[in-house]
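Biologist: I have the sequence and the model open side by side. Could you take me through it, question by question?

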Amino acid sequence: MEGSVAQILHRVLPEGRLNAALQKLWTWLDVNIIDLGRQMRVSYLPPLMVYMAAGISGLTAIVGTFFVKDYLGLSAEFLAALSFWMVIPWSLKMPLGHLVDLIWRWKSLLVYLGAGLIALSLLIMIGLLGHTDAMRTVAPVETWFVFSSLLAPIGFVLQDVVADAMTVEAVPRCYEDGQKIEAAELKSMHTTMQTLGRVAIIGGSVAVAIVNMFLLSGVGALPEVQKGAVYLFVYQLGLIIPLVSVLGVALAWWMRRRALARLAAEGRTPSECEAILDRHIDPPPVNWWILGGGLAFAVVSLSVGLGQIPGGQEIIFCVSMAIVIFMMWRLTRELEPEARTFLVGTAIVIFAFRAIPGPGAGDTWWVIDVLGFDQQFLASLELIASTLTLFSLFIFRRFMAENSIAYVVGALTVLGALLSLPTLGMYYGLHEWTAAHTNGIVDARFIALVDTALESPLGQIAMIPMLAWIANSAPEKLKATFFAVMASFTNLALSASQLGTKYLNGIFSVNREVRDSATSQVIAPADYSQLGSLLITVLVIGITLPFLAILFSRVTRFRNA
């Protein structure tokens, strides 16, 4: 291309306009991205490391998808049901959050416990890939996979509930001279902390997407033995996930010891040092309703799950919803009436947005089998999605701060619906038509790349305003409890989503090809004939459900923040 970029811009724009445009661009970058870096504090690092561990958990996601597809004969409906049980531990954030408030000084122990469960989950998968026959003598491979799938979310929920509490602890209440920070600045700091938390999670997913790009390069063409060796190495590498969270807690301990030493050097007594550093001088009263409700929920869940009671998932969902709503009712009595209605209205809108069912595993199987997407290309899509989601947190930072959650959710719903159309179109041959009219340039992979680039930022944006509102407005001694209760409620929406996904996969049957692992004979042929109807149904529900919740919040007293 002739001429530099600057020369081209000078030809297009007069010098005055060019300088003005560059100044506006710099101002926007300064306000939305650079300023976030300026607001970063060293005290934010420990919770960010715990959040990053959750982000890098995606390291094994693609390998896990191909492991299920190639080695296990599990249906899309069964996998949707399994996903329901994997989400259920997140509903226990409510009693765990209250437990964190009660054992505030020892909350790091829960991170260590969570790290142990995550490591055990990874070790099971390592055993399945490296010592399959030995593992099979103890239990079927499918049973081991289910056990591993259920252990990991328990570990992550234990770590997440502590990380939420650590974000509150990381934001100082006073300047170094002891003067209290103004409310407006404190709210901005909480928003920054929550935004950085999402950045840590998504930044971790960007890092592992890059790793997967290299590790999974050309894996699809390898013989089965070598392919399995790559999968095994990815799971072994995954043991870094619990290590990162443990290092975050260790850093928090070291920073606290250092701060105590600094305050003691200034001549303060140990009790004065503790009072300055600790938000919780005295633990809150034990709320036996919350702890008892959480224990009852755990007992009922285990009984129904292990007993294989018909309709068990529906029973657990209804029971957990009743318990969480009851606990929300008791807990919100601590708030002023206006704050209470704002919180409930906000939770309803977020619940509806997160309760949208998905197409399930059949969608992924179809793009692998029919469109020919391999491991490396899926890793490329993951990298694009994670990177653009990360940038969107900076780009939409002011949009999230300056608009109501109803407006944010409404915009995301419309965008999500529009961006689901390319996949639906490809099922009906859109990529074949575009490839024929563009000399093969706009093919299935091109459409998937563009669609992923546009759709990727939508998932994480809606949660940030609510998290910041809780951090800023919840009672001081009940921060972790409020985080946990609201997270339990909104995570129940994910359970509702998985139930909806299971129902839809029961109505619209989508099956991949299943071969016998020993003889390679086809046991069940692939059948994607009903995938189009499934995608259309998901699209309609995805538009309708959030807007009904927004309409409800508008016409009732339950407004949203």
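Modeller: Start with one residue, Ala170, which sits in helix H9. Keep in mind that this is a predicted model.

Biologist: Is Ala170 buried or exposed?

Modeller: The relative accessible area of Ala170 is 6%. The cut-off for buried is under 20%. Ala170 therefore counts as buried.

Biologist: Which residues does Ala170 touch, not counting residues up to four places away in sequence?

Modeller: Ala170 lies in H9, and a residue distant in sequence, Ala252, is 82 residues away along the chain but 9.5 Å away in space, C-alpha to C-alpha. With residues up to four places away set aside, the residues that Ala170 touches are Ser43, Tyr44, Pro47 and Met193.

Biologist: Thr167 is in H9 too. How far apart in space are Thr167 and Met193, C-alpha to C-alpha?

Modeller: Thr167 has 1% relative accessibility and therefore counts as buried. Along the sequence, Thr167 and Met193 are 26 residues apart. In space, their C-alpha atoms are separated by 6.6 Å.

Biologist: Which helix gives the most to the largest nonpolar core?

Modeller: That core has 92 residues. Those with the most contacts inside it are Tyr44, Phe67, Leu128, Phe145, Trp366 and Phe373. The top contributor, with 14 residues, spans residues 141–170 and is helix H9.

Biologist: What is Phe67 in contact with, leaving aside its neighbours within four places in sequence?

Modeller: Phe67 is among the residues with the most contacts inside the largest core. Another residue in that group, Leu128, is also a direct partner of Phe67. The full set of partners is Leu72, Met125, Leu128, Leu129, Val141 and Phe145.

Biologist: How many residues does the second, separate core have?

Modeller: Its members include Phe297, Ile316, Met328 and Ala347. The number of residues in this second core is 27.

Biologist: How do H7 and H12 run relative to each other, roughly parallel or roughly antiparallel?

Modeller: H7 covers residues 108–130, and its axis is 8 Å from that of H12. The two pack at an angle of about 170 degrees. Angles over 145 degrees count as roughly antiparallel. H7 and H12 are therefore roughly antiparallel.

Biologist: How many charged residues does the contact of H7 with H12 have?

Modeller: From H7 come Ser108, Val111, Tyr112, Ala115, Ile118, Ala119 and Leu122. They meet Ile241, Pro242, Ser245, Val246, Val249 and Ala250 in H12. By class, the contact has 11 nonpolar and 2 polar residues, and the charged count is none.

Biologist: What distance does H12 reach from its first C-alpha to its last?

Modeller: H12 runs over residues 240–265, which is 26 residues. At 1.5 Å a residue, 38 Å is expected. The model comes close to that, with a reach of 37 Å.

Biologist: Which residue with a positive phi follows H12?

Modeller: Towards the end of H12, the buried residues include Ala259, Leu260 and Leu263. After the helix comes a residue with phi near 95 degrees. That residue is Gly267.

Biologist: Which residues of H5 are buried?

Modeller: H5 spans residues 76–87 and has 12 residues. Its reach of 17 Å is close to the expected 16 Å. The buried ones are Ala76, Leu79, Ala80, Ala81, Leu82, Phe84 and Val87.

Biologist: What separates the C-alpha atoms of Tyr427 and Gly532?

Modeller: Tyr427 is in helix H21, residues 421–427. Its contacts beyond four places in sequence include Trp366, Tyr528 and Gly532. Tyr427 and Gly532 are 105 residues apart along the chain, and their C-alpha separation is 6.4 Å.

Biologist: What share of the residues in the protein chain count as buried?

Modeller: The protein chain has 27 helices and 2 strands. Out of its 561 residues, the share that count as buried is 48%.

Notes:
Residues are numbered from 1 along each chain as its sequence is written. This is a predicted model: local features need pLDDT of at least 70, side-chain atom pairs count only at pLDDT 80 or more; totals for chains, interfaces and linings use all residues. Side-chain values use heavy atoms; hydrogens and water are left out. A nonpolar core is a set of buried Ala, Val, Leu, Ile, Met, Phe, Trp, Tyr and Cys residues joined through side-chain atoms within 4.5 Å. Buried means under 20% relative accessible area, exposed over 50%, partly exposed in between (1.4 Å probe, protein chains only). Helices (H or I, at least four residues) and strands (E, at least two) are DSSP runs, numbered from the N terminus. Contact means heavy atoms within 4.5 Å. The expected span of a helix is 1.5 Å times one less than its number of residues. Axes are lines fitted to C-alpha atoms, for helices over the stretch in contact, and angles run from 0 to 180 degrees between N-to-C directions. Angles under 35 degrees count as roughly parallel, over 145 as roughly antiparallel, 65 to 115 as roughly perpendicular and the rest as oblique. Ala, Val, Leu, Ile, Met, Phe, Trp, Tyr, Cys and Pro count as nonpolar, Asp, Glu, Lys and Arg as charged, and the others, Gly among them, as polar.
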